[in-house]
Each structure stands twice: as C-alpha cells, then as structure tokens.
Amino acid sequence: MKKLLTILSILLLMISCGQNDTKSIDKIIEGGDLQALRAKRTEVVAEQQSVADKLKQLDVAIASLDSVKKLPLVTTIMAKDTLFNHYLELQGNVETKKNIVLYPEMNGILTRVYVQKGQKVTKGQLLARIDDGGLSQQLSQVEVQTQLAKTTFDRQKRLWDQKIGSEIQFLQAKTNFEAQQNAVNQIKRQLAKTTINAPFSGVIDDIITEQGNVVSVGQNAIIRIVNLDDMYIETEVPERYISSIIKGKNVEVYFPILGKTIQTKIRQVGNYINPNNRSFAVEVGIPSNGGTIKPNLTAKVKINDYTNDKAILIPQSILSENAQGDQYTYVTSTKDNKNIAQAKRVIVKTGKTQGDLIEILEGLTSGDAIISEGARSVKDGQQVKILN
C-alpha cells in the first residue's frame, strides 16, 4: 500500500510540474529571446529523458505488484513422427482398347444381322452378313474346275513317275492345278469379307446400320462392340515427376459422377514426352467393376509420388515468413505449474504439402510443443499462457 501511495504522489507531482512548466514556456516564447528558447528546449529534452526513466521504473513496480498478468493465450500441438503419403492429383478419362466400331470390307446389301443390342458375344462369332454378289456360285464352279485339275495332275504325276509322257505335260498339269487352288483361295478370302465377326468377346453396344441397307467399304459403320473387362484410365503427368512416377505405384481413383473411390496401381508409364505440354502418358488399371464404370467417364486420379515414414506435419496456417523470406513458427519452453511458458521463434525448412498440412524437413523435432492458436499474436521470447 505504501508503494502505491508513493507512485500516486510522484504522478501528481509530475502533473503539477508539467502545468507550471507550461506557463514558464509560454512566458519565454512571449519574450522572444532566442537564447532563452534554446536553453529551455535543452532543459525540456533532459526532463523528457528523466520522465522516460521514471515511467520505466513505474512499469517495473506495477508489474511486481500486479498479481494477474495479461499474457497472450495460446494452444499448442505436439510434433510427432507421422507416416506421410503425398499424392499427385490429376484428371483422366476411362479408356478401353476393346471398344471398336465394325465397318464392312465389301460393298453390298447388309442381308442379315444376327445379334441384338446388349447381347453378349464371343470372339469369332458371326455378327452380320453382306450379300456376296454371286461369289458363292463362282466358288462352286472354280472348285469343280480345281477338282478336275487335281485329277489330271495326279494322273500325269503317276505317268511321270513311271517315266511315261513328256515333262512339259506334267508341268502344265501341275501349274493348272496350282492356279485353280489359288483361284479358290482368293474367292474364299473375298467371301470372308462378306461376313462380320466379333474380334473379341464382349457386348453389342449398338446396331448402327439395320439389315437391308446398302453399305460401302470403310464408310458405313455397322456394329459397336465393347468389352468392359480390361479398362484403364489415361492421364498426362508433368515431366518433372518422371523419376517418382513408376510402374506399380499406388493410385487412388475417384469418380465424381458415381461418388465412388477405388484403389489401384499404375500399369504402364509412357516413354515419350509430349513436346507440346511437356508431359508423358500414364495408364492406371481399373479392376473388374460389374459394369458401373464406363468408357470416357471422368476420374480424379491421385498418384502416390512421395512417402516419408517419419514426417513432422503441421498446419500451414501457423507458419509465418520474415523479410528475408525464411519461414518460421513458435515453440514453447517447459511450462510451469500455472501453464506459463516462453515462446521461441524457430526457422524451419518445409517440404511437400497435402491439404492443410505441410511437411517440416528441418527446424522441428519430435516432442516439440508448437504454438497453434495464437501463433500470429506472440513474439520471440514473450511469455504465454497455454490453455491446453
């Protein structure tokens, strides 16, 4: 109590002196004496320094008497080693190499379509037929001529083996027989073009041209066939990730339209860098899904390009940056029984980010108490009160 009375007396005295000093300054100014003004100014500067020293003493006295200190309130989080998987996020489309449209190889009338939309078919199954334009009858005639040529050749060969007849007759018979065989094979190849067969097992997705229509080679699409058992996602990866994106890496795929996430792996990495966008292609396999995932479906792809078994992660929001561009945060010393500790600024080196978290490579160790809430309002060396 005596100390408080003493402080109040000093303050009253300073106020009184200040009032008297103001009157004295007014008189000197009215007098217009330059030397007196300069002398008074020097006197005031000295008094100013004296006042500053007295204020400092008063602050120390008040702090020693004040039982409730107004310390910044903060919360802390504990730094600890954490498994950190970083993911490269990309966008891709579902593709399949077994999604093709079948075109005719011969001009003519589409005489028959043997399948329906949605029907499952097997590899090699007959799907449609085009009018052969008389090739069947032509084949029958040529086969008869081939049979005659074969009989003639067989007889000439027996005679030639017995040294009977001329060599020229034997060679003519042989040449005629081989020519007829070639003619039969050529017509059969032409006839094969009048049928459309399934190149692989799958589902008839669409009948594009109905039977009875005239079709032309390479112009009129007839049937689309799709197989959903071997689909993949193709995406483009920037070239700076070429060393970390390799075959077999874990991938998380999310389909926004379906609201579905699957876990898979990279099955192929491209060996060519596109000079237009400096990226390379990556194929991500899609496991059998029961038909819910369709070709050309948009997907968000997250590829695991970096893993740290003992990473220290902190929220990005508690990091600050000084004028030199260094990033820093605050840690606290050991707190006392009143949860009061000292804040210490720590310069850190950061790594990769994932969401709201950032990896700390240098500056923090496991077990450090890091100021989280209130980190922006404290100063280096300042005492703080920890709420948690």
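Two strands pair if DSSP finds at least two bridges between them. The legends below describe a predicted model.

**Figure 1. Thr96 and its bridge partner across strands E3 and E12.** Thr96 belongs to strand E3, residues 82-96. Its bridge partner in E12 is Met231. E12 covers residues 231-238 and pairs with E3 in the antiparallel sense, over four bridges. Asn93 also has a bridge partner in E12, namely Glu234.

**Figure 2. The surroundings of the Thr96 side chain.** Thr96 has a relative accessible area of 10%; the cut-off for buried is under 20%, so Thr96 counts as buried. Two polar partners of the side chain are shown. A polar atom of the Thr96 side chain lies 3.1 Å from the backbone nitrogen of Lys98. The Thr96 side chain also reaches the backbone oxygen of Asn227, at 3.3 Å. Neighbours within four places in sequence are left aside for the contact list. Thr96 is then in contact with Asn227, Asp230, Met231, Tyr232 and Pro295. Asn227 therefore appears both in that contact list and as a backbone partner of the side chain, within the 3.5 Å limit for a polar contact.

**Figure 3. Strand E3 against strand E16.** E16 spans residues 298-315. E3 and E16 run antiparallel, and 11 bridges join them. One opposed pair is Gln91 and Lys300, the latter in E16. E3 pairs with E12 as well, over four bridges.

**Figure 4. Strand E12 against strand E15.** E15 comprises residues 279-285. Seven bridges link E12 to E15, again in the antiparallel sense. Pro238 faces Ser279 of E15. E12 thus pairs both with E15 and with E3, each time meeting the requirement of at least two bridges.

**Figure 5. Asp132 in the loop between E7 and H3.** The loop holding Asp132 connects strand E7 (126-130) to helix H3 (135-161). Asp132 is buried, yet it has no salt bridge. Which side chain of opposite charge is nearest to Asp132? It is Arg129, 6.6 Å away. A salt bridge needs a nitrogen-to-oxygen distance within 4 Å, so Arg129 does not qualify. The Asp132 side chain does have a polar contact with the side chain of Ser136, at 2.4 Å. Residues up to four places away in sequence are not counted in the next list. Asp132 then touches Leu191 and Thr194.

Definitions and conventions
Residues are numbered from 1 along each chain as its sequence is written. This is a predicted model: local features need pLDDT of at least 70, side-chain atom pairs count only at pLDDT 80 or more; totals for chains, interfaces and linings use all residues. Side-chain values use heavy atoms; hydrogens and water are left out. Helices (H or I, at least four residues) and strands (E, at least two) are DSSP runs, numbered from the N terminus. Buried means under 20% relative accessible area, exposed over 50%, partly exposed in between (1.4 Å probe, protein chains only). A polar contact is a pair of N or O atoms within 3.5 Å; within protein, one must be able to donate a hydrogen and the other to accept it, and residues adjacent in sequence count only if both atoms are side-chain atoms. Contact means heavy atoms within 4.5 Å. Lys and Arg count as positive and Asp and Glu as negative; His and the chain ends are not counted.
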